[in-house]
Amino acid sequence: MIDMKTAMLSALQHLPACTEESFLLQENALPLIVVGDAERSVLARADGKPYLEHYRAQVDVYASTPAEADALAARADTALWQLGLIRESYQESHDEQAFAYRRSMLYKAVLMGEWIYQEG
């Protein structure tokens, strides 16, 4: 199956932000986009091997201002939609520990081998 973290990081690399798989307060500069797997489950098997999977990803955008966080989240959303992911949820918050505005988004898709299908 496709390595979704790598695919998502590649889709987001043109955005004006660092992209990472984790967020460390002392090591990451803002703005920042953090990508991670949220859930992966097998929908169908063939010859005992999974060939169709349901996938969910967590994407968090951190920025210095609410406007910057909103703009970056919108651009990330467009890039991930073009990759084949559908946004399932969106939450706004202020992360006091990180001194940053945070936009948390959950995405979903159906995967088959190296193919990503948008799930309606």
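The expected span of a helix is 1.5 Å times one less than its number of residues. Helices (H or I, at least four residues) and strands (E, at least two) are DSSP runs, numbered from the N terminus. This is a predicted model, in which local features need pLDDT of at least 70, side-chain atom pairs count only at pLDDT 80 or more, and totals for chains, interfaces and linings use all residues. Residues are numbered from 1 along each chain as its sequence is written, and side-chain values use heavy atoms, with hydrogens and water left out.

**Exercise 1. Describe the overall build of the protein.**

Step 1. List the elements. The protein has 2 helices and 6 strands. Along the sequence they follow the pattern α-β-β-β-α-β-β-β.

Step 2. Look at the extent. Along the principal axes, the C-alpha atoms fill a box of roughly 50 × 25 × 25 Å. The radius of gyration, taken over C-alpha atoms, is compared with a globule rule of 2.2 Å times the number of residues to the power 0.38. For 120 residues a compact globule would have a value near 14 Å, and the protein, with 15 Å, agrees.

Step 3. Look at burial and surface. Buried means under 20% relative accessible area, exposed over 50%, and partly exposed in between (1.4 Å probe, protein chains only). Of the 120 residues, 40% count as buried. The protein exposes about 6,700 Å², of which carbon and sulfur atoms supply 49%. These areas come from the Shrake-Rupley method with a 1.4 Å probe; for residues, only the protein chains shown count as cover.

Step 4. Look at contacts (heavy atoms within 4.5 Å). Among contacts between residues at least 6 apart in sequence, 58% join residues at least 24 apart.

**Exercise 2. Compare the span of helix α2 with its expected span, and find what its buried residues pack against.**

Step 1. Helix α2 covers residues 66-83, which is 18 residues. From first C-alpha to last it reaches 26 Å, close to the 26 Å expected at 1.5 Å a residue.

Step 2. The buried residues of α2 are Ala69, Leu72, Ala73, Ala76, Asp77, Ala79 and Leu80.

Step 3. These buried residues pack against α1 (4-12), β2 (32-46), β3, β4 (86-95) and β5 (100-112).

Step 4. Just after α2 comes Gly84, with a positive phi of about 125 degrees.

**Exercise 3. Work out the surroundings of Glu53. Is Glu53 buried or exposed?**

Step 1. Glu53 belongs to strand β3 (residues 49-63).

Step 2. Its relative accessible area is 9%, so Glu53 is buried.

Step 3. Leaving aside neighbours within four places in sequence, Glu53 is in contact with Met1, Arg40, Ser41, Val42, Leu43, Ala109, Val110 and Leu111.

Step 4. A salt bridge is a side-chain nitrogen of Lys or Arg within 4 Å of a carboxyl oxygen of Asp or Glu. Glu53 and Arg40 form one, at 2.7 Å from N to O. Glu53 lies in strand β3 and Arg40 in strand β2, so this pair ties together parts that are 13 residues apart in sequence. Arg40 counts as partly exposed, at 35% relative accessibility.

**Exercise 4. Trace other salt bridges. How many does the whole structure hold?**

Step 1. A search of the whole structure finds 7 salt bridges.

Step 2. One of them joins Glu39 and Arg56, whose closest N and O atoms are 2.9 Å apart. Because Glu39 lies in strand β2 and Arg56 in strand β3, the pair ties together parts 17 residues apart in sequence. Glu39 is partly exposed at 33% relative accessible area, and Arg56 is partly exposed at 21%.

Step 3. Glu39 and Arg56 also belong to a network of salt bridges that includes Glu88.

Step 4. Another salt bridge joins the side chains of Arg87 and Asp77, at 3.3 Å from N to O. Here Arg87 in strand β4 and Asp77 in helix α2, 10 residues apart, link distant parts of the chain. Arg87 is partly exposed, with a relative accessible area of 39%, whereas Asp77 counts as buried at 19%.

**Exercise 5. Locate Ala38 and list what it touches.**

Step 1. Ala38 is in strand β2, and at 45% relative accessibility Ala38 counts as partly exposed.

Step 2. Not counting residues up to four places away in sequence, Ala38 touches Arg56, Ala57, Gln58 and Leu106.

Step 3. Ala38 and Arg87 are 49 residues apart along the chain, and their C-alpha atoms are separated by 13 Å.
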